[in-house]
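Trainee: I've got a model open and I'd like to learn how to read it. Could you walk me through it feature by feature?

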Amino acid sequence: MANNSGNEKGNVKQAETEKEAVLPPKSNFSEWFNTIIDIGKIMDVRYPVKGLYVWYPFGFGIRKRVYSIIRDVLDNSGHEETLFPLLIPENEFMKEAEHIKGFENEVYWVTRGGMSPLDVNLALRPTSETAIYPMYKLWVRSHADLPIKLYQIVNTFRYETKHTRPLIRLREITSFKEAHTVHATWDEAKAQVDEAVMLYTEIYRKISIPVLISQRPDWDKFPGGDYTIALDAVMPDGKTLQIGTAHHLGTNFAKTYDITYENENGEQVLANQTCYGISERSIAALISLHGDDKGLVLPPVAAPIQVVVIPVLFKQGAEEVMAACNTVVDSLKKAGIRVETDASDLRPGAKYYKWELKGVCLRIEIGPKDIEKKQAVLVRRDTGQKEFVPLDNIVGEVNARLSAMGNDLYAAAEKRQNEFILPCKTLEEVKTSIQKGVATIPWCESEVCGKRMEEEIGAKILGIPTKQDGVAGTCPVCGNNTPKIVYVAKTY
Ligand SMILES: Nc1ncnc2c1ncn2[C@@H]1O[C@H](COS(=O)(=O)NC(=O)[C@@H](N)CS)[C@@H](O)[C@H]1O
Ligand SMILES: [Zn+2]
(Lines give C-alpha, C1' and ligand atoms only; values in the text may rest on other atoms or scores of the structure.)
(Ligands and ions follow the chains in the order given, each with its own letter.)
Protein backbone atom coordinates (compact mmCIF):
# COMPACT_ATOMS: atom_id res chain seq x y z
CA MET A 1 0.00 0.00 0.00
CA ALA A 2 0.99 3.65 0.25
CA ASN A 3 4.75 3.65 0.29
CA ASN A 4 4.34 6.89 2.15
CA SER A 5 7.51 8.71 1.28
CA GLY A 6 7.27 11.05 4.26
CA ASN A 7 9.75 9.52 6.65
CA GLU A 8 10.99 9.84 10.21
CA LYS A 9 14.06 11.80 9.05
CA GLY A 10 11.71 14.58 7.99
CA ASN A 11 12.79 15.20 4.40
CA VAL A 12 10.27 15.46 1.58
CA LYS A 13 10.99 12.95 -1.16
CA GLN A 14 11.46 14.75 -4.49
CA ALA A 15 8.34 14.64 -6.66
CA GLU A 16 8.10 11.45 -8.69
CA THR A 17 8.73 11.79 -12.45
CA GLU A 18 6.44 14.50 -13.68
CA LYS A 19 4.49 12.06 -15.90
CA GLU A 20 1.26 11.21 -14.15
CA ALA A 21 1.03 7.60 -12.97
CA VAL A 22 -1.31 5.38 -14.96
CA LEU A 23 -4.29 4.05 -13.01
CA PRO A 24 -4.09 0.24 -12.69
CA PRO A 25 -7.31 -1.77 -13.12
CA LYS A 26 -9.47 -1.74 -9.99
CA SER A 27 -9.03 -5.52 -9.73
CA ASN A 28 -5.57 -4.65 -8.42
CA PHE A 29 -7.32 -2.74 -5.64
CA SER A 30 -4.35 -2.00 -3.43
CA GLU A 31 -2.42 -0.27 -6.23
CA TRP A 32 -5.59 1.24 -7.66
CA PHE A 33 -6.35 2.92 -4.30
CA ASN A 34 -2.79 4.10 -3.91
CA THR A 35 -2.76 5.64 -7.40
CA ILE A 36 -6.19 7.24 -7.32
CA ILE A 37 -5.35 9.03 -4.05
CA ASP A 38 -2.47 10.62 -5.97
CA ILE A 39 -3.72 11.25 -9.54
CA GLY A 40 -7.28 11.86 -8.32
CA LYS A 41 -5.76 14.73 -6.27
CA ILE A 42 -7.22 13.49 -2.99
CA MET A 43 -4.19 13.54 -0.63
CA ASP A 44 -0.48 14.17 -1.11
CA VAL A 45 1.42 11.39 0.67
CA ARG A 46 4.80 13.14 0.46
CA TYR A 47 4.52 15.04 3.76
CA PRO A 48 7.71 14.34 5.72
CA VAL A 49 6.09 12.67 8.76
CA LYS A 50 4.91 9.04 8.56
CA GLY A 51 1.14 8.72 8.77
CA LEU A 52 0.48 12.43 8.16
CA TYR A 53 -0.89 13.48 4.75
CA VAL A 54 -1.92 16.70 3.03
CA TRP A 55 -5.40 17.24 1.60
CA TYR A 56 -5.34 18.46 -2.01
CA PRO A 57 -8.11 21.03 -2.50
CA PHE A 58 -10.08 18.62 -4.75
CA GLY A 59 -10.01 15.87 -2.12
CA PHE A 60 -10.87 18.42 0.52
CA GLY A 61 -13.90 19.40 -1.59
CA ILE A 62 -15.17 15.84 -1.26
CA ARG A 63 -14.44 15.79 2.48
CA LYS A 64 -16.19 19.17 2.92
CA ARG A 65 -19.40 17.88 1.31
CA VAL A 66 -19.41 14.57 3.18
CA TYR A 67 -18.86 16.35 6.48
CA SER A 68 -21.59 18.87 5.79
CA ILE A 69 -23.93 15.86 5.42
CA ILE A 70 -22.61 14.52 8.75
CA ARG A 71 -23.21 17.92 10.42
CA ASP A 72 -26.73 18.19 8.94
CA VAL A 73 -27.74 14.76 10.23
CA LEU A 74 -26.29 15.37 13.70
CA ASP A 75 -27.55 18.95 14.03
CA ASN A 76 -31.06 17.80 13.05
CA SER A 77 -31.11 15.07 15.66
CA GLY A 78 -30.56 17.07 18.83
CA HIS A 79 -26.74 17.23 18.76
CA GLU A 80 -24.75 20.43 19.21
CA GLU A 81 -21.30 20.98 17.77
CA THR A 82 -18.53 22.25 20.03
CA LEU A 83 -14.74 22.26 20.41
CA PHE A 84 -12.49 20.99 23.19
CA PRO A 85 -8.72 21.52 23.58
CA LEU A 86 -6.23 19.27 21.82
CA LEU A 87 -3.87 18.83 24.79
CA ILE A 88 -4.82 16.61 27.74
CA PRO A 89 -2.94 16.73 31.06
CA GLU A 90 -1.32 13.42 31.98
CA ASN A 91 -3.15 13.19 35.31
CA GLU A 92 -6.54 13.38 33.57
CA PHE A 93 -5.50 11.03 30.77
CA MET A 94 -4.20 8.42 33.19
CA LYS A 95 -7.43 8.11 35.22
CA GLU A 96 -9.46 5.40 33.47
CA ALA A 97 -7.43 2.17 33.62
CA GLU A 98 -9.12 0.28 30.72
CA HIS A 99 -8.96 3.35 28.51
CA ILE A 100 -5.27 3.84 29.30
CA LYS A 101 -4.50 0.19 28.53
CA GLY A 102 -6.20 0.63 25.18
CA PHE A 103 -4.42 3.82 24.21
CA GLU A 104 -1.14 4.09 26.13
CA ASN A 105 0.89 2.73 23.19
CA GLU A 106 -0.77 5.14 20.78
CA VAL A 107 -0.55 8.47 22.59
CA TYR A 108 1.79 11.27 21.49
CA TRP A 109 3.08 13.40 24.35
CA VAL A 110 4.11 17.07 24.52
CA THR A 111 6.78 17.37 27.18
CA ARG A 112 8.32 20.81 26.55
CA GLY A 113 7.16 24.38 26.05
CA GLY A 114 9.92 26.18 24.19
CA MET A 115 13.14 25.14 25.92
CA SER A 116 11.60 24.47 29.31
CA PRO A 117 10.20 21.09 30.34
CA LEU A 118 6.48 21.11 31.20
CA ASP A 119 5.61 20.43 34.83
CA VAL A 120 2.76 18.22 33.58
CA ASN A 121 3.16 16.28 30.32
CA LEU A 122 0.35 16.86 27.85
CA ALA A 123 -1.19 14.13 25.64
CA LEU A 124 -2.25 14.90 22.09
CA ARG A 125 -5.85 13.63 22.10
CA PRO A 126 -6.13 10.13 20.53
CA THR A 127 -9.86 10.59 21.21
CA SER A 128 -11.33 13.10 23.63
CA GLU A 129 -12.99 11.26 26.54
CA THR A 130 -10.26 12.40 28.95
CA ALA A 131 -10.46 16.00 27.74
CA ILE A 132 -14.24 16.23 27.78
CA TYR A 133 -15.31 14.25 30.81
CA PRO A 134 -13.57 16.40 33.48
CA MET A 135 -15.61 19.26 32.01
CA TYR A 136 -18.82 17.17 31.93
CA LYS A 137 -18.27 16.68 35.67
CA LEU A 138 -18.50 20.47 36.08
CA TRP A 139 -21.50 20.79 33.74
CA VAL A 140 -23.72 17.96 35.02
CA ARG A 141 -25.43 18.93 38.29
CA SER A 142 -29.02 17.81 38.06
CA HIS A 143 -31.32 15.57 36.02
CA ALA A 144 -32.42 18.73 34.21
CA ASP A 145 -28.95 19.04 32.63
CA LEU A 146 -29.42 15.73 30.78
CA PRO A 147 -29.15 14.47 28.13
CA ILE A 148 -25.99 16.14 26.82
CA LYS A 149 -25.40 15.38 23.12
CA LEU A 150 -22.28 17.16 21.89
CA TYR A 151 -19.89 16.40 19.01
CA GLN A 152 -16.73 17.89 17.56
CA ILE A 153 -14.91 17.45 14.26
CA VAL A 154 -11.20 17.64 15.03
CA ASN A 155 -7.82 16.12 14.34
CA THR A 156 -6.71 13.38 16.71
CA PHE A 157 -3.36 11.63 16.98
CA ARG A 158 -2.65 7.92 17.29
CA TYR A 159 0.85 6.49 17.07
CA GLU A 160 -0.35 3.64 14.88
CA THR A 161 2.24 0.87 14.64
CA LYS A 162 0.39 -1.00 11.89
CA HIS A 163 0.92 0.05 8.26
CA THR A 164 -0.23 3.65 7.87
CA ARG A 165 -2.11 4.61 4.67
CA PRO A 166 -3.94 7.74 3.53
CA LEU A 167 -7.63 7.95 4.49
CA ILE A 168 -7.49 4.47 6.06
CA ARG A 169 -4.94 4.45 8.88
CA LEU A 170 -3.37 7.80 9.73
CA ARG A 171 -1.32 8.92 12.67
CA GLU A 172 -3.00 12.30 12.47
CA ILE A 173 -6.69 11.55 11.93
CA THR A 174 -7.63 14.84 10.27
CA SER A 175 -11.42 14.38 10.17
CA PHE A 176 -12.35 12.76 13.46
CA LYS A 177 -16.04 13.38 14.19
CA GLU A 178 -16.55 12.33 17.81
CA ALA A 179 -19.84 12.59 19.72
CA HIS A 180 -19.99 12.29 23.51
CA THR A 181 -23.37 12.02 25.26
CA VAL A 182 -24.53 11.87 28.90
CA HIS A 183 -27.80 10.27 30.10
CA ALA A 184 -29.70 9.58 33.30
CA THR A 185 -29.97 5.80 32.84
CA TRP A 186 -28.26 2.83 31.15
CA ASP A 187 -31.36 2.30 28.96
CA GLU A 188 -31.39 5.91 27.79
CA ALA A 189 -27.72 5.55 26.84
CA LYS A 190 -28.59 2.32 25.01
CA ALA A 191 -31.29 4.17 23.09
CA GLN A 192 -28.63 6.76 22.18
CA VAL A 193 -26.28 4.09 20.85
CA ASP A 194 -29.16 2.78 18.74
CA GLU A 195 -29.87 6.31 17.47
CA ALA A 196 -26.17 6.81 16.65
CA VAL A 197 -26.13 3.60 14.57
CA MET A 198 -29.32 4.68 12.79
CA LEU A 199 -27.90 8.17 12.08
CA TYR A 200 -24.60 6.72 10.80
CA THR A 201 -26.52 4.35 8.54
CA GLU A 202 -28.50 7.38 7.26
CA ILE A 203 -25.30 9.36 6.64
CA TYR A 204 -23.75 6.49 4.71
CA ARG A 205 -26.98 5.96 2.74
CA LYS A 206 -26.79 9.60 1.63
CA ILE A 207 -23.34 8.95 0.13
CA SER A 208 -24.48 5.62 -1.34
CA ILE A 209 -22.44 3.42 1.02
CA PRO A 210 -24.02 0.17 2.30
CA VAL A 211 -22.72 -1.05 5.68
CA LEU A 212 -22.59 -4.21 7.79
CA ILE A 213 -23.72 -3.48 11.35
CA SER A 214 -22.49 -5.75 14.11
CA GLN A 215 -21.63 -5.84 17.78
CA ARG A 216 -17.90 -6.29 18.28
CA PRO A 217 -16.95 -9.30 20.44
CA ASP A 218 -16.33 -8.32 24.06
CA TRP A 219 -12.55 -8.60 23.66
CA ASP A 220 -12.62 -6.11 20.79
CA LYS A 221 -14.83 -3.39 22.26
CA PHE A 222 -13.76 0.21 22.94
CA PRO A 223 -11.32 0.47 25.89
CA GLY A 224 -13.43 1.50 28.92
CA GLY A 225 -16.75 0.77 27.21
CA ASP A 226 -19.57 -1.70 27.99
CA TYR A 227 -20.09 -2.72 24.34
CA THR A 228 -19.37 -1.49 20.79
CA ILE A 229 -21.60 -1.49 17.72
CA ALA A 230 -19.59 -1.05 14.52
CA LEU A 231 -20.38 -0.16 10.91
CA ASP A 232 -18.10 -1.89 8.39
CA ALA A 233 -17.84 -1.34 4.66
CA VAL A 234 -16.86 -4.31 2.49
CA MET A 235 -14.03 -3.06 0.30
CA PRO A 236 -13.57 -4.26 -3.32
CA ASP A 237 -11.00 -6.84 -2.20
CA GLY A 238 -13.48 -8.40 0.23
CA LYS A 239 -11.72 -7.06 3.32
CA THR A 240 -13.75 -4.90 5.70
CA LEU A 241 -13.05 -1.32 6.78
CA GLN A 242 -14.49 -0.10 10.08
CA ILE A 243 -16.10 3.20 9.09
CA GLY A 244 -17.99 4.03 12.27
CA THR A 245 -18.36 2.88 15.85
CA ALA A 246 -20.81 3.60 18.68
CA HIS A 247 -19.87 2.69 22.22
CA HIS A 248 -22.04 2.29 25.32
CA LEU A 249 -19.77 3.46 28.15
CA GLY A 250 -22.13 2.56 31.02
CA THR A 251 -21.04 4.40 34.19
CA ASN A 252 -17.37 3.44 33.72
CA PHE A 253 -16.16 6.94 32.92
CA ALA A 254 -18.72 8.61 35.21
CA LYS A 255 -17.22 6.66 38.11
CA THR A 256 -13.69 7.72 37.15
CA TYR A 257 -14.55 11.37 36.50
CA ASP A 258 -17.30 11.60 39.14
CA ILE A 259 -20.04 12.65 36.71
CA THR A 260 -23.17 12.49 38.85
CA TYR A 261 -26.56 14.22 38.85
CA GLU A 262 -29.10 14.82 41.56
CA ASN A 263 -32.28 12.86 40.93
CA GLU A 264 -35.85 13.74 42.02
CA ASN A 265 -35.26 12.37 45.56
CA GLY A 266 -32.10 14.46 45.99
CA GLU A 267 -29.73 11.48 45.61
CA GLN A 268 -26.45 11.70 43.68
CA VAL A 269 -26.64 9.24 40.75
CA LEU A 270 -23.83 8.21 38.39
CA ALA A 271 -24.51 9.25 34.80
CA ASN A 272 -24.47 6.80 31.85
CA GLN A 273 -22.58 7.79 28.71
CA THR A 274 -21.99 6.96 25.06
CA CYS A 275 -19.53 8.07 22.41
CA TYR A 276 -19.49 7.47 18.67
CA GLY A 277 -17.07 8.31 15.89
CA ILE A 278 -16.54 8.59 12.15
CA SER A 279 -13.27 9.56 10.45
CA GLU A 280 -11.91 10.09 6.93
CA ARG A 281 -12.35 6.37 6.45
CA SER A 282 -15.80 7.50 5.26
CA ILE A 283 -14.01 9.07 2.28
CA ALA A 284 -11.91 5.94 1.78
CA ALA A 285 -15.10 3.88 1.53
CA LEU A 286 -16.72 6.42 -0.83
CA ILE A 287 -13.75 6.31 -3.21
CA SER A 288 -13.25 2.57 -2.96
CA LEU A 289 -16.81 1.31 -3.32
CA HIS A 290 -17.80 3.44 -6.32
CA GLY A 291 -14.56 3.96 -8.24
CA ASP A 292 -13.82 2.02 -11.45
CA ASP A 293 -11.01 1.42 -13.95
CA LYS A 294 -11.39 4.97 -15.25
CA GLY A 295 -11.04 6.56 -11.82
CA LEU A 296 -13.31 8.18 -9.24
CA VAL A 297 -17.07 7.76 -9.44
CA LEU A 298 -18.64 10.20 -7.00
CA PRO A 299 -22.24 10.35 -5.80
CA PRO A 300 -23.53 13.82 -6.81
CA VAL A 301 -23.92 14.97 -3.18
CA ALA A 302 -20.17 14.51 -2.62
CA ALA A 303 -18.84 15.55 -6.05
CA PRO A 304 -16.94 18.87 -6.16
CA ILE A 305 -17.84 19.02 -9.88
CA GLN A 306 -21.17 17.42 -10.82
CA VAL A 307 -21.34 18.30 -14.54
CA VAL A 308 -18.76 19.13 -17.18
CA VAL A 309 -19.91 20.77 -20.43
CA ILE A 310 -17.73 19.95 -23.45
CA PRO A 311 -18.24 22.00 -26.60
CA VAL A 312 -17.51 19.98 -29.78
CA LEU A 313 -15.83 22.68 -31.83
CA PHE A 314 -15.28 22.73 -35.57
CA LYS A 315 -14.34 25.81 -37.63
CA GLN A 316 -17.93 25.91 -38.78
CA GLY A 317 -20.46 27.00 -36.12
CA ALA A 318 -17.97 27.27 -33.22
CA GLU A 319 -19.55 30.49 -32.03
CA GLU A 320 -23.07 29.06 -31.80
CA VAL A 321 -21.73 26.01 -29.97
CA MET A 322 -19.85 28.12 -27.41
CA ALA A 323 -22.90 30.34 -26.92
CA ALA A 324 -25.14 27.31 -26.35
CA CYS A 325 -22.63 25.84 -23.87
CA ASN A 326 -22.44 29.08 -21.91
CA THR A 327 -26.23 29.24 -21.72
CA VAL A 328 -26.33 25.68 -20.41
CA VAL A 329 -23.63 26.43 -17.84
CA ASP A 330 -25.45 29.55 -16.62
CA SER A 331 -28.77 27.77 -16.22
CA LEU A 332 -27.16 24.83 -14.39
CA LYS A 333 -25.28 27.19 -12.07
CA LYS A 334 -28.51 29.08 -11.36
CA ALA A 335 -30.05 25.74 -10.42
CA GLY A 336 -27.26 25.25 -7.86
CA ILE A 337 -25.46 22.57 -9.85
CA ARG A 338 -21.64 22.49 -9.67
CA VAL A 339 -20.64 22.72 -13.37
CA GLU A 340 -17.48 23.42 -15.36
CA THR A 341 -16.83 23.90 -19.08
CA ASP A 342 -13.87 22.36 -20.82
CA ALA A 343 -13.19 24.42 -23.94
CA SER A 344 -9.48 23.57 -23.87
CA ASP A 345 -7.79 22.38 -27.03
CA LEU A 346 -7.35 18.87 -25.61
CA ARG A 347 -8.59 16.13 -27.94
CA PRO A 348 -12.13 14.99 -26.95
CA GLY A 349 -10.83 11.60 -25.79
CA ALA A 350 -8.27 13.26 -23.50
CA LYS A 351 -11.03 15.48 -22.12
CA TYR A 352 -13.26 12.50 -21.38
CA TYR A 353 -10.35 10.73 -19.62
CA LYS A 354 -9.57 13.79 -17.49
CA TRP A 355 -13.11 14.37 -16.20
CA GLU A 356 -13.91 10.67 -15.81
CA LEU A 357 -10.81 10.31 -13.64
CA LYS A 358 -12.16 13.09 -11.39
CA GLY A 359 -15.49 11.32 -11.01
CA VAL A 360 -17.58 14.10 -12.61
CA CYS A 361 -21.12 12.69 -12.53
CA LEU A 362 -22.41 13.86 -15.92
CA ARG A 363 -20.77 14.96 -19.16
CA ILE A 364 -22.71 17.17 -21.58
CA GLU A 365 -21.45 17.33 -25.18
CA ILE A 366 -22.81 19.94 -27.59
CA GLY A 367 -21.74 20.16 -31.27
CA PRO A 368 -23.10 21.93 -34.36
CA LYS A 369 -25.47 19.01 -35.19
CA ASP A 370 -26.89 19.18 -31.65
CA ILE A 371 -27.57 22.88 -32.07
CA GLU A 372 -29.61 22.20 -35.18
CA LYS A 373 -31.63 19.56 -33.35
CA LYS A 374 -31.82 21.69 -30.15
CA GLN A 375 -30.38 18.79 -28.17
CA ALA A 376 -27.38 17.89 -26.08
CA VAL A 377 -25.64 14.56 -25.46
CA LEU A 378 -25.69 13.49 -21.80
CA VAL A 379 -23.26 10.80 -20.56
CA ARG A 380 -23.54 9.30 -17.05
CA ARG A 381 -20.23 8.61 -15.31
CA ASP A 382 -21.48 5.55 -13.37
CA THR A 383 -23.09 3.62 -16.23
CA GLY A 384 -21.53 5.30 -19.29
CA GLN A 385 -25.09 5.59 -20.64
CA LYS A 386 -25.28 8.11 -23.49
CA GLU A 387 -28.57 9.93 -24.19
CA PHE A 388 -29.85 12.81 -26.33
CA VAL A 389 -31.85 15.31 -24.28
CA PRO A 390 -33.70 18.50 -25.35
CA LEU A 391 -31.60 21.61 -24.71
CA ASP A 392 -34.61 23.56 -23.48
CA ASN A 393 -35.04 21.26 -20.47
CA ILE A 394 -31.40 20.67 -19.68
CA VAL A 395 -31.76 21.53 -15.96
CA GLY A 396 -34.62 19.06 -15.49
CA GLU A 397 -32.79 16.36 -17.45
CA VAL A 398 -29.59 16.88 -15.43
CA ASN A 399 -31.37 16.90 -12.05
CA ALA A 400 -33.28 13.73 -12.91
CA ARG A 401 -30.06 11.87 -13.60
CA LEU A 402 -28.16 13.27 -10.62
CA SER A 403 -30.84 12.11 -8.17
CA ALA A 404 -31.14 8.73 -9.92
CA MET A 405 -27.37 8.30 -9.74
CA GLY A 406 -27.16 8.50 -5.94
CA ASN A 407 -29.76 5.72 -5.60
CA ASP A 408 -28.32 3.62 -8.42
CA LEU A 409 -24.81 3.81 -6.92
CA TYR A 410 -26.21 2.63 -3.58
CA ALA A 411 -28.14 -0.24 -5.18
CA ALA A 412 -25.09 -1.39 -7.13
CA ALA A 413 -22.84 -1.21 -4.06
CA GLU A 414 -25.41 -3.04 -1.91
CA LYS A 415 -25.64 -5.84 -4.51
CA ARG A 416 -21.84 -6.20 -4.51
CA GLN A 417 -21.79 -6.19 -0.70
CA ASN A 418 -24.38 -8.98 -0.52
CA GLU A 419 -22.32 -11.05 -2.96
CA PHE A 420 -19.37 -10.75 -0.57
CA ILE A 421 -21.32 -12.36 2.31
CA LEU A 422 -20.46 -16.09 2.29
CA PRO A 423 -22.49 -18.35 4.67
CA CYS A 424 -20.38 -21.16 6.14
CA LYS A 425 -21.04 -24.17 8.33
CA THR A 426 -17.48 -25.26 9.15
CA LEU A 427 -14.28 -23.46 10.12
CA GLU A 428 -12.62 -24.95 7.02
CA GLU A 429 -15.18 -23.17 4.83
CA VAL A 430 -14.58 -19.96 6.79
CA LYS A 431 -10.83 -20.18 6.15
CA THR A 432 -11.33 -20.24 2.39
CA SER A 433 -14.26 -17.80 2.36
CA ILE A 434 -12.43 -14.99 4.13
CA GLN A 435 -9.88 -14.96 1.31
CA LYS A 436 -12.72 -13.66 -0.88
CA GLY A 437 -15.18 -11.90 1.41
CA VAL A 438 -17.04 -11.93 4.73
CA ALA A 439 -17.87 -15.36 6.15
CA THR A 440 -20.85 -16.01 8.43
CA ILE A 441 -20.74 -18.96 10.83
CA PRO A 442 -22.92 -20.00 13.81
CA TRP A 443 -21.37 -19.11 17.20
CA CYS A 444 -22.63 -19.83 20.70
CA GLU A 445 -21.18 -16.42 21.76
CA SER A 446 -18.95 -17.92 24.44
CA GLU A 447 -15.54 -16.26 24.62
CA VAL A 448 -13.81 -19.65 24.81
CA CYS A 449 -15.35 -20.79 21.52
CA GLY A 450 -14.82 -17.36 19.94
CA LYS A 451 -11.13 -17.28 20.75
CA ARG A 452 -10.73 -20.90 19.62
CA MET A 453 -12.42 -19.99 16.33
CA GLU A 454 -10.04 -17.05 15.77
CA GLU A 455 -7.04 -19.28 16.45
CA GLU A 456 -8.29 -22.00 14.11
CA ILE A 457 -9.13 -19.57 11.33
CA GLY A 458 -6.16 -17.22 11.78
CA ALA A 459 -8.48 -14.24 11.49
CA LYS A 460 -10.61 -12.15 13.84
CA ILE A 461 -14.31 -12.34 14.54
CA LEU A 462 -15.68 -9.10 13.09
CA GLY A 463 -18.90 -8.99 15.09
CA ILE A 464 -22.38 -10.35 15.73
CA PRO A 465 -24.83 -8.89 13.15
CA THR A 466 -27.42 -6.81 14.99
CA LYS A 467 -30.00 -8.19 12.53
CA GLN A 468 -30.15 -11.99 12.82
CA ASP A 469 -32.61 -14.22 11.01
CA GLY A 470 -32.67 -16.46 14.11
CA VAL A 471 -32.21 -19.69 12.13
CA ALA A 472 -30.49 -22.13 14.49
CA GLY A 473 -27.08 -23.60 13.70
CA THR A 474 -24.42 -25.38 15.71
CA CYS A 475 -21.35 -23.68 17.12
CA PRO A 476 -18.41 -25.26 15.20
CA VAL A 477 -16.35 -25.41 18.41
CA CYS A 478 -18.66 -26.74 21.15
CA GLY A 479 -21.42 -28.15 18.91
CA ASN A 480 -24.14 -26.43 20.92
CA ASN A 481 -27.22 -25.17 19.13
CA THR A 482 -27.24 -21.43 18.67
CA PRO A 483 -29.57 -18.93 16.93
CA LYS A 484 -26.68 -16.51 16.38
CA ILE A 485 -24.33 -16.22 13.42
CA VAL A 486 -21.18 -14.10 13.43
CA TYR A 487 -19.19 -12.27 10.73
CA VAL A 488 -15.57 -13.30 10.23
CA ALA A 489 -13.44 -11.23 7.86
CA LYS A 490 -10.02 -9.91 7.06
CA THR A 491 -9.96 -6.26 8.01
CA TYR A 492 -8.06 -3.05 7.23
N1 LIG B 1 -5.75 5.55 12.68
C2 LIG B 1 -6.97 5.81 12.16
N3 LIG B 1 -7.09 6.41 10.95
C4 LIG B 1 -8.32 6.69 10.43
N5 LIG B 1 -9.49 6.40 11.06
C6 LIG B 1 -9.41 5.80 12.27
C7 LIG B 1 -8.17 5.48 12.88
N8 LIG B 1 -8.43 4.88 14.09
C9 LIG B 1 -9.77 4.85 14.22
N10 LIG B 1 -10.36 5.39 13.13
C11 LIG B 1 -11.81 5.56 12.89
O12 LIG B 1 -12.34 6.31 13.99
C13 LIG B 1 -13.52 5.65 14.46
C14 LIG B 1 -13.69 5.94 15.97
O15 LIG B 1 -12.54 5.48 16.64
S16 LIG B 1 -12.78 4.50 17.84
O17 LIG B 1 -11.51 4.33 18.48
O18 LIG B 1 -13.42 3.33 17.34
N19 LIG B 1 -13.82 5.22 18.82
C20 LIG B 1 -13.50 6.31 19.55
O21 LIG B 1 -12.41 6.84 19.50
C22 LIG B 1 -14.61 6.79 20.45
N23 LIG B 1 -14.11 7.86 21.28
C24 LIG B 1 -15.78 7.26 19.64
S25 LIG B 1 -15.37 8.70 18.82
C26 LIG B 1 -13.30 4.18 14.13
O27 LIG B 1 -14.53 3.51 13.99
C28 LIG B 1 -12.55 4.24 12.81
O29 LIG B 1 -13.48 4.31 11.74
ZN1 LIG C 1 -19.47 -22.74 21.29
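Mentor: Let's begin with contacts: two residues touch when they have heavy atoms within 4.5 Å of each other. Keep in mind that this is a predicted model.

Trainee: Which residues does I278 touch?

Mentor: Leaving out residues up to four places away in sequence, I278 touches Y67, I70, S175, F176, K177, Y200, I203, Y204, I243 and G244. I278 itself lies in strand β14, residues 272-278.

Trainee: Is I278 buried or exposed?

Mentor: Buried means under 20% relative accessible area. I278 counts as buried because its relative accessibility is 2%. For a distance to check on screen, take the C-alpha atoms of I278 and A246: they are separated by 9.3 Å, with the two residues 32 apart along the chain.

Trainee: Now Y136. Where is Y136 found, and what does Y136 touch?

Mentor: Y136 is in helix α5. Its contacts, again skipping residues up to four places away in sequence, are I148, L150, H180, V182, I259 and Q273. With a relative accessible area of 0%, Y136 is buried. Compare that with the pair Y136 and V301: they are 165 residues apart in sequence, and their C-alpha atoms are 36 Å apart in space.

Trainee: On to the metal. Which protein donors does the zinc ion (ligand 2) have?

Mentor: For zinc, a donor is an N, O or S atom within 2.8 Å of the metal. Here the donors are the SG atoms of C444, C449, C475 and C478, lying 2.3 Å from the zinc ion. Along the chain they follow the spacing C-x4-C-x25-C-x2-C. The pair C444 and C475 links distant parts of the chain, 31 residues apart. C444 sits in the loop between β21 (438-442) and α14 (447-457), while C475 sits in the loop between β23 (473-474) and β24 (481-482).

Trainee: Why is the arrangement of the four donor atoms tetrahedral?

Mentor: Look at the angles: four donors count as tetrahedral if all angles lie between 85 and 135 degrees. Around this zinc ion the angles run from 103 to 114 degrees, so the arrangement is tetrahedral.

Trainee: And are C444 and C475 buried or exposed?

Mentor: C444 counts as partly exposed, at 24% relative accessibility. C475, at 2%, counts as buried.

Trainee: What about backbone oddities? Which peptide bond is cis?

Mentor: Check omega: the bond from L146 to P147 is cis, with omega near 0 degrees. P147 is in the loop between α5 (129-139) and β7 (148-157).

Then check phi. L167 has a positive value, near 70 degrees, in a residue other than glycine. K374 is another non-glycine residue with positive phi, near 50 degrees.

Trainee: Where are L167 and K374?

Mentor: L167 is in the loop between β7 and β8 (172-183), and K374 is in the loop between α11 (368-372) and β18 (375-380). L167 is buried, with a relative accessible area of 0%, whereas K374 counts as exposed at 59%.

Trainee: Last one: which residues form a nonpolar patch on the surface?

Mentor: To read a patch, look at its members and their accessible area together. Y47, V49 and V54 form this one, with about 220 Å² between them. V54 is in strand β2, residues 54-55. V54 is partly exposed, with a relative accessible area of 37%.

Key
Residues are numbered from 1 along each chain as its sequence is written. Chains are lettered from A and ligands numbered from 1 in the order in which they are written. This is a predicted model: local features need pLDDT of at least 70, side-chain atom pairs count only at pLDDT 80 or more; totals for chains, interfaces and linings use all residues. Side-chain values use heavy atoms; hydrogens and water are left out. Donors are N, O and S atoms within 2.8 Å of the metal (3.2 Å for Na, K and Ca); water is not among the atoms, so sites may look incomplete. Four donors count as tetrahedral if all angles lie between 85 and 135 degrees; four count as square planar and six as octahedral if opposite donors are over 155 degrees apart and all others between 65 and 115; anything else is irregular. Helices (H or I, at least four residues) and strands (E, at least two) are DSSP runs, numbered from the N terminus. Buried means under 20% relative accessible area, exposed over 50%, partly exposed in between (1.4 Å probe, protein chains only). Patches are made of residues with over 30% relative accessible area and no salt bridge: like charges are joined within 9 Å, nonpolar side chains (Val, Leu, Ile, Met, Phe, Trp, Tyr) within 5 Å. Accessible areas come from the Shrake-Rupley method with a 1.4 Å probe; for residues, only the protein chains shown count as cover. A salt bridge is a side-chain nitrogen of Lys or Arg within 4 Å of a carboxyl oxygen of Asp or Glu.
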